[in-house]
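Here's a quick Q&A to read alongside the model. Take a look, then we'll start with the empty space.

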Amino acid sequence: MVDIAELQDGARRNDPSAKWTREQVLSIRYWTPKLLSFRTSRAQDYRFTPGHYARLALGKEEELVWRPYSMVSAPDDDYLEFIAVLVPGGPFSTLLEQLSVGDEIKVDKACFGFLTVDQLAPGRDLWLLASGTGIGPFVSILRDPAVWQHFERLIVVHGVRNAADLAYREEIAAIAKQPPFAASRAKLCYFSSVTREPGTGDFSERIPQLLASGQLEQQAGTTLSMHDSRVMVCGNPDMAFELRRYLSALGFATSRRGVPGQMAFEKYW
Ligand SMILES: Cc1cc2nc3c(=O)[nH]c(=O)nc-3n(C[C@H](O)[C@H](O)[C@H](O)COP(=O)(O)OP(=O)(O)OC[C@H]3O[C@@H](n4cnc5c(N)ncnc54)[C@H](O)[C@@H]3O)c2cc1C
């Protein structure tokens, strides 16, 4: 039997004219005391492409704090998943720190961003270079079966300070073993670089240094070239700046006026 009161309450709670929907926190997972992932309910008509980010709001109705967060979940999951770092004293972080399962979080009805595979020209190798929480959108991209058909190699590099920050390492390895990904054309290479705990990751240098020294290409067994490689970069703005300069010197360009490029960036601050 349909509960009319519940339906009316739902309609009131998610006003169709509002720019956002009210969602509920379904689960929270702490990777470290300052790094967490959380899942929320999802409006049925909320659509996004892997690599997009959502705008989330916490706080009192009259003083909402809005921040962008990349989607970690896949477009067909019936929840939204995000990864977040708790920045000491940060306005959103302070509210996020107090978040519990069952709490409300507001999600803008629109999604945003250009860190999507459709920004890139067809290529052979897809390099996904992330620092810290920048791994989030790449998990969503890796959960898209089409990506595993379009490329021959998916090369994920996750740079962090401490080994405990290597979120989603097991999940990424598991994706490659699951159907339909396991039988796909693409092969996955995953590399970690842990700068403050040498010996705990595959490398201990920052990603720009690893590329410049040729170590990454050597370990991945392929070379970066404008013809074959497509590169996505997400996270720390200094890393993004250095990689953009390095790749531009090799002839790589971002998409412009609808013309797909060879590289795409998302800076988190
Ligand atoms: C397009 C986009 C997508 C984003 N997606 C994510 C995401 O998926 N996960 C996430 O944790 N953050 C993400 N961010 C950053 C996020 O929106 C917030 O800025 C951040 O979580 C801190 O919010 P705050 O209000 O607590 O502090 P703010 O006042 O917003 O930031 C304070 C300072 O914290 C540092 N900082 C901000 N974000 C990060 C970060 N991710 N890692 C390390 N240091 C940081 C910077 O030095 C910044 O100046 C994204 C930002 C952009 C622009």
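Q: What volume does the largest pocket have?
A: Quick ground rules: this is a predicted model, with local features needing pLDDT of at least 70 and side-chain atom pairs pLDDT 80 or more, while totals for chains, interfaces and linings use all residues. Residues are numbered from 1 along each chain as its sequence is written, and side-chain values use heavy atoms, without hydrogens and water. A pocket here is an open set of points on a 1 Å grid over the protein atoms alone, where a 1.4 Å probe fits, with protein on both sides within 12 Å along at least five of seven lines. Fill it with probe spheres set on the points, joined across faces, edges and corners, and the largest pocket comes to about 1300 Å³.

Q: Which strand gives the most to the lining of the largest pocket?
A: Lining residues have an atom within 4 Å of a point, and there are 42 of them, with Val85, Ser131, Gly132, Thr133 and Trp269 nearest the centre. Strands are DSSP E runs of at least two residues, numbered from the N terminus. With four residues, the top contributor is S4.

Q: Where in the open sheet of six strands does S4 sit, and which strand is the other edge?
A: Strands pair if DSSP finds at least two bridges between them. The antiparallel order is S4-S3-S6-S1-S2-S5. S4 (65-70) pairs on one side only, so to speak an edge strand, and the other edge is S5 (79-85).
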